[in-house]
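Please read the following walk through one protein chain with the sequence and the coordinates open. The order is one helix, then the nonpolar packing, then the charged pairs.

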Amino acid sequence: FRFVELANDINAAMPEHVYERIAALLNEERKPVNGSRVLLLGLAYKAGTSDWRESPTLPLAALLTAARAEVVVCDPYVPDVNLLGLPFRTVDWSVDELRAADVVVVMVEHPAFDPQVIAHEAPLVFDTRNHLEGQAFRGAGMTVWRFVGGSHLGPDTPDEPEDARPHRRLVSFAAFFQIAPTLKHGRQTA
């Protein structure tokens, strides 16, 4: 049962860990969390459902709100009536919302969240579910870092000089409930 306890401890710490990664990414863009518009894609606990009980999005949204970020959430499966009293606005899935965000955080891999659209329109993406992996990013103008089983595969364009890399970036975790490092310019960071 110790492994179950360890897994629960890791899961409980993940929202704070993701918050710290988002803050670091925004800082790299010379933007503070305070005042940044953070679009969280997905409120449901699981893709394709409307059940948001025990959703990891809620504690992350609370951390971001406490840091005075402008938090908006998009989840086409969760009706607005369920969101009464929560400290963030809900928005519809649209290109305008992706463009308006300082960072887009993929929390749930809903089928409605088109990876190609996210890749082409979001200025900065933090993917906690590895929803945006694969061919969707080829030619999309982003540097893509992927993790599989916790190991780094590197950028899709490994021979590209660092100063030629695009400004739009994707940072991806293999899964939200797994510990995985973030990569910056091909180097693993703690």
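**Helix, core and salt bridges**

Arg2 and Glu5 are both in helix α1, three residues apart, which is about one turn of the helix. The model is a predicted one. The side chains of Arg2 and Glu5 form a salt bridge, with an N to O distance of 3.1 Å. Arg2 has a relative accessibility of 49% and counts as partly exposed. Glu5 is also partly exposed, at 42%. Both values fall between the 20% limit for buried and the 50% limit for exposed.

The helix that holds this pair can be checked for length. With 27 residues at 1.5 Å a residue, α1 should span 39 Å, and its end C-alpha atoms are 38 Å apart, so the two values agree. The helix does bend, by about 40 degrees at Met14, and a proline, Pro15, follows within four residues. Met14 and Pro15 are among the buried residues of α1, which also include Val18, Tyr19, Ile22, Leu25 and Leu26. After α1 comes Arg30, with a positive phi near 65 degrees.

The next subject is the nonpolar packing. The largest nonpolar core has 27 residues, and those touching the most other members are Ile22, Leu40, Leu60, Leu64, Val71 and Val105. Two or more residues come from each of α1 (2-28), β1 (37-41), α2 (57-66), β2 (70-74), β4 (103-106) and β5 (124-127). Helix α1 gives the largest share, six residues. Val105 shows how these parts meet: leaving aside neighbours within four places in sequence, Val105 is in contact with Ile22, Val38, Leu39, Leu40, Leu41, Leu60, Phe126 and Thr128. Apart from this core lies another, of 14 residues, among them Ala101, Ile118, Val125 and Leu132.

The charged pairs come next. The whole structure contains seven salt bridges. Besides the pair within α1, one of them joins the side chains of Asp102 and Lys31, at 2.9 Å from N to O. This pair links distant parts of the chain, since Asp102 is in the loop between α3 (95-100) and β4, Lys31 is in the loop between α1 and β1, and 71 residues separate them. Lys31 is partly exposed, at 31% relative accessibility.

Another salt bridge joins the side chains of Arg37 and Glu97, at 2.4 Å from N to O. Arg37 is in strand β1 and Glu97 in helix α3, so this pair ties together parts that are 60 residues apart in sequence.

Is Arg37 buried or exposed? Its relative accessibility is 11%, so Arg37 counts as buried, the limit being under 20%. Glu97 is buried as well. Outside its neighbours within four places in sequence, Arg37 is in contact with Glu70, Val72, Arg89, Val91, Glu97, Ala100, Ala101, Asp102 and Val103. Two residues of that list, Glu70 and Glu97, are linked with Arg37 in a network of salt bridges. Asp102, also in contact with Arg37, is the residue that forms a salt bridge with Lys31. Ala101, another contact of Arg37, belongs to the core of 14 residues.

Terms used:
Residues numbered from 1 in each chain as written. Predicted model: local features only at pLDDT ≥ 70, side-chain atom pairs only at ≥ 80, totals over all residues. Heavy atoms only, no water. Core = buried A, V, L, I, M, F, W, Y, C linked by side-chain atoms within 4.5 Å. Buried < 20%, exposed > 50% of the residue type's maximum accessible area, 1.4 Å probe, protein only. Contact = heavy atoms within 4.5 Å. Salt bridge = Lys/Arg side-chain N within 4 Å of Asp/Glu carboxyl O. Expected span 1.5 Å × (residues − 1). Bend = angle between axes of the 7 residues up to and from the residue.
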